[in-house]
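Open the structure in your viewer and keep the selection panel at hand. This tour tells you what to select at each stop.

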Amino acid sequence: MPQSDQGAGAHYPLSSGSGNRRRLLLFGLTGAPLQRTSDQEAFEAERLSVLFDEAGESALNDSRTARQEPVTESTPSSSTIKERPSFRMVCEMVAGPKPLTWVFAGDSATVGHGLEFDRRNFVALFAARVKQSRRTDVVINTGLAGESAESLLEDLEWRSLRFRPDIVVVMLGVDDAAAGHSDCDAFRDRLRRLIQCIRSDGALPVLQTPHRVLHLGPVELSALRQRVKAIRQIAGDEEIPCVDHWGRWKRKQAGGASLEEWLDAEGLQPNAEGHQHLAHLLGSCFGLLDQGATAATSTASTTERSAKP
């Protein structure tokens, strides 16, 4: 399990991950919160505030690098992502030789709800990308339709931690938004406890914002935006990666892309093309697009050499 004390990992209070410790964390019985280091306090003092547009949505998913990394319409390059402090540790893990176990947890989008039988969801597409350059990595999808922060927290040991993951990638918010605005504080608390449990088990937590949706009522849409804002803010506070699908889909839509082509007929679940976009952003954020190209180039070079007389 990753126990790095370099770069972004310097602030991660990783432990041996005993089952008793995890159960105490799950039920909030650990007593005093984890102590923040002086480096963390200094970071908080100088951290740039996250900017929000008129809809109350974040224009940036990594406030620490806002001044150096303006938002653009294109997917950020892997080299740019690797320089973001919150992504540095996961990119170093991907670039290293140690085989990794990835666990994806989340709601209907993680499951691939609504896809035709012969279509792959974004986790399967991401796994195929991983296998291009990291053949011994294991990617596990524990997504569950209707998953919420509450249900995942209650079942985290069985659903995720028992696989001894190195990286746990979480996508929540859509089903949590069904509770409306009143439960957003509880959502924040549960999300922070999820992060604490994953870290205590020795794994790196990664948050994802949900994809954008269409045809929601104003109350439901406002509640979902609140969850998106909460996910970004907590990822910034906890100094962990946040893969911002919502922000990218919004920028693509503003640039002329039709979300109807990325979603099912009801405008709620990503279709096959939408899942490709989700997987592409994940691969880019984790430095796998460049690795895949390198692996393909290496294979082509080997084939060319072997073909010579």
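Helices and strands here are DSSP runs, with at least four residues for a helix and at least two for a strand, numbered from the N terminus. By that count the chain has 13 helices and 5 strands. Keep in mind that this is a predicted model.

**Stop 1: the whole chain**

Select everything. The chain has 309 residues, and 49% of them are buried. Show the surface next. Its accessible area is about 14,500 Å². Carbon and sulfur atoms hold 51% of that area. Now think about contacts across the sequence. Among contacts with a separation of 6 or more, 75% join residues 24 or more positions apart.

**Stop 2: the sheet**

Show the strands alone. They form an open sheet of 5 strands in the order 2-1-3-4-5, with parallel pairing. Strand 2 and strand 5 (242-244) are the edges, and each pairs on one side only. From one strand to the next, the twist averages 20°.

**Stop 3: strand 1**

Select residues 101-106, which make up strand 1. Is this strand mostly covered or mostly open? It is mostly covered, with 6 of its 6 residues buried. Turn it to view each face. Thr 101, Val 103 and Ala 105 lie on one side, and Trp 102, Phe 104 and Gly 106 on the other; all are buried.

Add residues 138-141, which are strand 2. Strand 1 pairs with strand 2 in the parallel sense over 4 bridges. Look for Val 138, the bridge partner of Thr 101.

Now add residues 167-171 for strand 3. Strand 1 and strand 3 are also parallel, paired over 5 bridges. Here Trp 102 has Ile 167 as its bridge partner.

**Stop 4: Trp 102 and the largest core**

Select Trp 102 and show its surroundings. Leaving out residues up to four places away in sequence, Trp 102 touches a set that includes Val 90, Val 94, Phe 126, Val 130 and Phe 286. Residues of strand 2 and strand 3 appear too: among the contacts are Val 138, Val 139, Ile 140, Ile 167 and Val 169. Asp 137 is another contact of Trp 102.

Widen the view to the largest nonpolar core, which has 33 residues. Which residues have the most contacts inside it? They are Trp 102, Ile 167 and Phe 286. Elements giving two or more residues to this core include helix 4 (85-95), helix 6 (122-133) and helix 12 (272-285). Strand 1, strand 3 and strand 4 (204-209) do so as well. Helix 4 gives the largest share, 6 residues. Apart from this core lies another, of 23 residues, among them Ala 149, Val 170, Ile 195 and Ile 240.

**Stop 5: strand 4 and its helices**

Return to the sheet and select strand 4. Strand 3 and strand 4 pair in the parallel sense over 5 bridges. One pair to find is Met 171 with its bridge partner in strand 4, Gln 208.

Add residues 218-238, helix 10. This helix lies across strand 4 and strand 5, at about 150° to strand 4. Then add helix 11, residues 245-254. Helix 11 lies across strand 3, strand 4 and strand 5, running at about 20° to strand 5.

**Stop 6: Ala 265**

Finish in the loop between helix 11 and helix 12, where Ala 265 sits. Why does Ala 265 count as exposed? Its relative accessibility is 84%, and the cut-off for exposed is over 50%. Select Gly 114 too. The two residues are 151 apart along the chain, but their C-alpha atoms are separated by 9.8 Å.

Definitions and conventions:
Residues numbered from 1 in each chain as written. Predicted model: local features only at pLDDT ≥ 70, side-chain atom pairs only at ≥ 80, totals over all residues. Heavy atoms only, no water. Buried < 20%, exposed > 50% of the residue type's maximum accessible area, 1.4 Å probe, protein only. Contact = heavy atoms within 4.5 Å. Areas by Shrake-Rupley, 256 points an atom, 1.4 Å probe, with all protein chains shown as cover. Pairing = 2+ DSSP bridges. Core = buried A, V, L, I, M, F, W, Y, C linked by side-chain atoms within 4.5 Å. Axes fitted to C-alpha atoms, helices over the stretch in contact; angles between N-to-C directions.
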